[in-house]
Amino acid sequence: MDILIQPASLDLADSFRQALDVVAREHRYLIFQEAPPLESARNFISKVLAKGWSQFYAVRDGQVVGWCDVVRDEHPGRTHVGRLGIGILPEFRGQQIGARLLAATVADAFQKGLTRIELEVFAANAPALALYRKFGFVAEGRKRQARCLDGICEDSLCMALLKSEAPPSLFATESNPTENMESP
Ligand SMILES: CC(C)(COP(=O)(O)OP(=O)(O)OC[C@H]1O[C@@H](n2cnc3c(N)ncnc32)[C@H](O)[C@@H]1OP(=O)(O)O)[C@@H](O)C(=O)NCCC(=O)NCCS
């Protein structure tokens, strides 16, 4: 069964929330430990759609198996900046779905005018670090003992990608292979 990469939509809110819940409950990669209630997930998607933020889902047989989003910072002087989040259900990892989602989402965010995309990743999260580095994200700083949970303290890395430094070929998406890195 093919995996489709498609923009966020409210009809997939429940499925998105379930995927988020599975990854959150792994208690390893995300800052939260479970997904918010469905109503909060629906409100988030509504904001994505209303504000023109970027969110894409990987969909298999009508079910969300992964997501990626970039949320624009609305503070004065920060509206060129977005914050990236991503997750794939465990059984679907290692199949280039994360790479496809990240490419589609970052290309969309740049096309909408963002010029800097930030994220924070736990230092031990080797797959995510490799994914971000592959797409040109640069580590800008380390937060020592950023999270202490279940008796284990972990550092996290702050990473960012500037539009001016992004390799366009990596962000050519399936629906728009050449044009999505051009200025709006
Ligand atoms: C990080 C994550 C999104 C990667 O998605 P994925 O679909 O498994 O990754 P892909 O198959 O698209 O791989 C793309 C690149 O990521 C890196 N990567 C993926 N899995 C990896 C692994 N197990 N070890 C090392 N690098 C890995 C590689 O650079 C890979 O490129 P390559 O295939 O050319 O080597 C996924 O592992 C995940 O959802 N993890 C849990 C949630 C999470 O960590 N979110 C990020 C929080 S900051």
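**View 1. The ligand in its pocket.** In this predicted model, the space that the ligand takes up is the largest pocket. Around the ligand there are 21 residues, and those that come nearest to the ligand are Ile88, Gln96, Gly98, Asn125 and Lys134. Sorted by character, the residues of this shell comprise 12 that are nonpolar, 6 that are polar and 3 that are charged.

**View 2. The elements that form the shell around the ligand.** At least two residues of the shell come from each of four elements, namely strand S4 (81-88), helix H3 (97-111), strand S5 (116-122) and helix H4 (126-134). Among the contributors to the shell, H4 gives the most, with 6 residues.

**View 3. Polar atoms facing the ligand.** A polar side-chain atom of asparagine 125 is found 2.7 Å from an oxygen atom of the ligand, while a polar backbone atom of isoleucine 86 lies 2.9 Å from a nitrogen atom of the ligand. For arginine 93, an N or O atom in the side chain is 3.5 Å from an oxygen atom of the ligand. The ligand taken alone exposes 920 Å², and the protein buries 75% of that area.

**View 4. Aspartate 21 and its side-chain partner.** Aspartate 21 belongs to helix H1, which covers residues 13-24, and its side chain makes a polar contact of 2.7 Å with the side chain of arginine 25. Is aspartate 21 buried or exposed? Aspartate 21 counts as buried because its relative accessible area is 14%, and the cut-off for a buried residue is under 20%.

Key: Residues numbered from 1 in each chain as written. Predicted model: local features only at pLDDT ≥ 70, side-chain atom pairs only at ≥ 80, totals over all residues. Heavy atoms only, no water. Near = heavy atom within 4 Å. Polar contact = N/O pair within 3.5 Å; in protein donor to acceptor, adjacent residues only side chain to side chain. Areas by Shrake-Rupley, 256 points an atom, 1.4 Å probe, with all protein chains shown as cover. 1 Å grid on protein atoms, 1.4 Å probe; cavity = no way out; pocket = protein on both sides within 12 Å on 5 of 7 lines; lining within 4 Å. Sits in = over half its atoms within 2 Å of the grid points. Nonpolar A, V, L, I, M, F, W, Y, C, P; charged D, E, K, R; others polar. Buried < 20%, exposed > 50% of the residue type's maximum accessible area, 1.4 Å probe, protein only.
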